[in-house]
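Q: I'd like a close look at one part of this model, with the rest of the fold filled in around it. Keep it relaxed, but stick to what the coordinates say.

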Amino acid sequence: MTPNTTNDPAMKIAQGTQETDVTPVENDELSTSLSPSTQPKKPNTPTRELFALAIPALGTLVAAPLLLAADTAMVGYLGTTPLAGMSIASTIVATLVYVFIFLTYTTTAEAARLLGKGDQPAAVRTGIDGMWLGAALGLALAPITFLAGPALVNLMGAEGDVAAQAVTYLRFTSFGLIGMCVVLAGNGALRGLMDARTPFYVSLGGAVANVILNATFMYGLSMGIAGAGLGTALAQTGMAATLIAVVARGARRLQVPIKPDGRGTLSSFTHGMPLLLRTVALRACLVVTVMAATVLGPLTLAAHQVMLAIYALFSYPADAFGIGAQSLVGHALGTDSRGRFTQVRRTTVVSGLITGGVLGLVLACVSPWISYAFTPDVAIREAIPVSVLLMAVLLPVSSLVFVLDGILIGADQAWFMAKATVMTFVMYAPVVLGLAHYLATAETSPQWSLLALWASFMLVFLGSRALANTYKSWRL
């Protein structure tokens, strides 16, 4: 067992006479050993604490959809067929990688709880175990994805030139799967240690590198969609190497071993099992949405890819508050502070709803023109505006889902989330697939087919999650 370091001056936690006065404070040893950034300086309210974590987390979240948006915009100018192929391939890659999002969430919550208890070395070791697990999972995924690329694309229903483009992008991106999984765990480790800035800096650097690499390979070397996949893979690998260097340096200064620990790695996987199940069900919902779009034809599929990029840019920022809540709720559990949990829950929900409302208003204002940033195809541009307007109206619902996800993960409610998400899939899959086949048979126009597809996504998929999360969160 790692010795408890509660009395270490670097691990002091401010203790008041009331349980609501317990707040994480600046940890000088941690901030100098794990990253060059500094921690929030003694925020004394849940709002200040939340924003101190959420603002850099927002940058990290925005960087991820920016990678997708950059790929989408660049590939979009190659034509409708490459864009449709990328929609298929990027969905497969995202599904394969983010099935293991538990590497981030489990590590964040567990490290925050250990930090709240005053056991800093154990918190760091939890992050290291998660990163080793991520490397192992990525190492297994990469060759499987490369070899099974055609079968995976065929499973998604793609044919002809669209399928060929999808396989090309998928195979070149597969080289970055190891890095992608390590990045997930590394981000979770640092967030659990109350450092949300380093993941932001790394993600920002990765996004910039991705654009430069894509432009070089796609246009400079005339590699087309293959260049987009290779650029993304190299950018993710560079991000992983940076996070490994940061965590390893901090571990050495704290005299925490960095070599693999079979028991620790297995423990990380076991603790992540319910979130793994939850993510499989969640990604299954997103996959059947793409399958439904595929049934509706290449134009609707390409328009759906643009819609996904827009949705990511405008809804994921609210998830930053959920990420902050994971750390703060986990820390509150570690310090056995019920009052602080209640305050964090209230502050996070209010902040998320306000953010969703403001972003929805902005999106509604730009809905007639936003598709111009992603594709020159006139037919795609004409199909999108009405669906974007619907997204804008329902964006607060999406924001509520994200912030409550963060609260429940931090409160160790992973099994409830797994069961609720499986039930959502059972309800949503027949609705969206049945609707798609009906619309295809009726030869509905791409504009109204896309609107129906996204209405089912926002109302059935996100609506059911919002109801389940709200019910559980207010019963904690």
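Are Asp129 and Arg125 buried or exposed? Please start with that pair and work outwards from there.

A: Both are buried: Asp129 is, and so is Arg125. Keep in mind that this is a predicted model, so everything here is computed from predicted coordinates. The two side chains meet in a salt bridge, with an N to O distance of 2.7 Å. Asp129 and Arg125 sit four residues apart in helix H5, which covers residues 120-155, so about one helical turn separates them.

How does that pair fit in with the other charged pairs? A search of the whole structure turns up four salt bridges. One of them is in helix H4, where Arg113 pairs with Glu110 and the closest N and O atoms are 3.3 Å apart. These two are three residues apart in H4, which again puts about one helical turn between them. Burial is split here: Arg113 counts as buried at 16% relative accessibility, while Glu110 is partly exposed at 21%. The dividing value is 20%, so Arg113 at 16% falls on the buried side and Glu110 at 21% does not.

Another salt bridge links Arg465 and Asp405, with 2.7 Å between the closest N and O atoms. Arg465 belongs to helix H16 (residues 446-473) and Asp405 to helix H14 (residues 385-410), so this pair ties together parts that are 60 residues apart in sequence. Arg465 and Asp405 are both buried. There's a third partner here too: salt bridges with shared partners join Arg278, Asp405 and Arg465 into one network.

Back in H4, Thr104 deserves a look. Helix H4 runs over residues 102-116, and Thr104 is part of it. Thr104 is buried, with a relative accessible area of 3%. Its side chain reaches the backbone oxygen of Leu184 at 2.5 Å. Setting aside neighbours within four places in sequence, Thr104 is in contact with Leu184, Ala185, Gly188 and Arg191.

From that stretch of sequence you can hop to Pro199, which lies in helix H8 (residues 197-220). Pro199 is buried, at 0% relative accessibility. Apart from neighbours within four places, Pro199 is in contact with Thr60, Asn187 and Leu190. Pro199 and Val183 are 16 residues apart along the chain, and their C-alpha atoms are 8.7 Å apart in space.

Now for the wider frame. The protein has 16 helices and zero strands. Of its 476 residues, 59% are buried. Among contacts with a separation of 6 or more, 84% are between residues 24 or more positions apart. The exposed area of the protein is about 18,300 Å², and carbon and sulfur atoms supply 68% of that.

If you like a geometry check, try helix H9 (residues 225-253). With 29 residues at 1.5 Å a residue, H9 should span 42 Å, and its end C-alpha atoms are 44 Å apart, which agrees. After H9 comes Gln255, in the loop between H9 and helix H10 (262-295). Gln255 has a positive phi of about 60 degrees although it is not a glycine. Why flag that? Most residues other than glycine have a negative phi. Gln255 is exposed, with a relative accessible area of 73%.

Asp412 goes on the same list of backbone spots to inspect: its phi is near 60 degrees, a positive value in a residue other than glycine. Asp412 is found in the loop between H14 and helix H15 (414-441). At 53% relative accessibility, Asp412 counts as exposed.

Last stop, the surface. Val350, Ile354, Val358, Val362, Val366, Trp369 and Tyr372 form a nonpolar patch there, with about 670 Å² of accessible area together. One of these residues, Val358, lies in helix H12 (residues 338-366).

To come back to the pair you asked about: Asp129 and Arg125 are both buried, and their side chains meet in a salt bridge at 2.7 Å, N to O.

Note on methods: Residues numbered from 1 in each chain as written. Predicted model: local features only at pLDDT ≥ 70, side-chain atom pairs only at ≥ 80, totals over all residues. Heavy atoms only, no water. Buried < 20%, exposed > 50% of the residue type's maximum accessible area, 1.4 Å probe, protein only. Polar contact = N/O pair within 3.5 Å; in protein donor to acceptor, adjacent residues only side chain to side chain. Contact = heavy atoms within 4.5 Å. Patch = residues over 30% accessible without salt bridge, like charges linked within 9 Å, V, L, I, M, F, W, Y side chains within 5 Å. Areas by Shrake-Rupley, 256 points an atom, 1.4 Å probe, with all protein chains shown as cover. Expected span 1.5 Å × (residues − 1).
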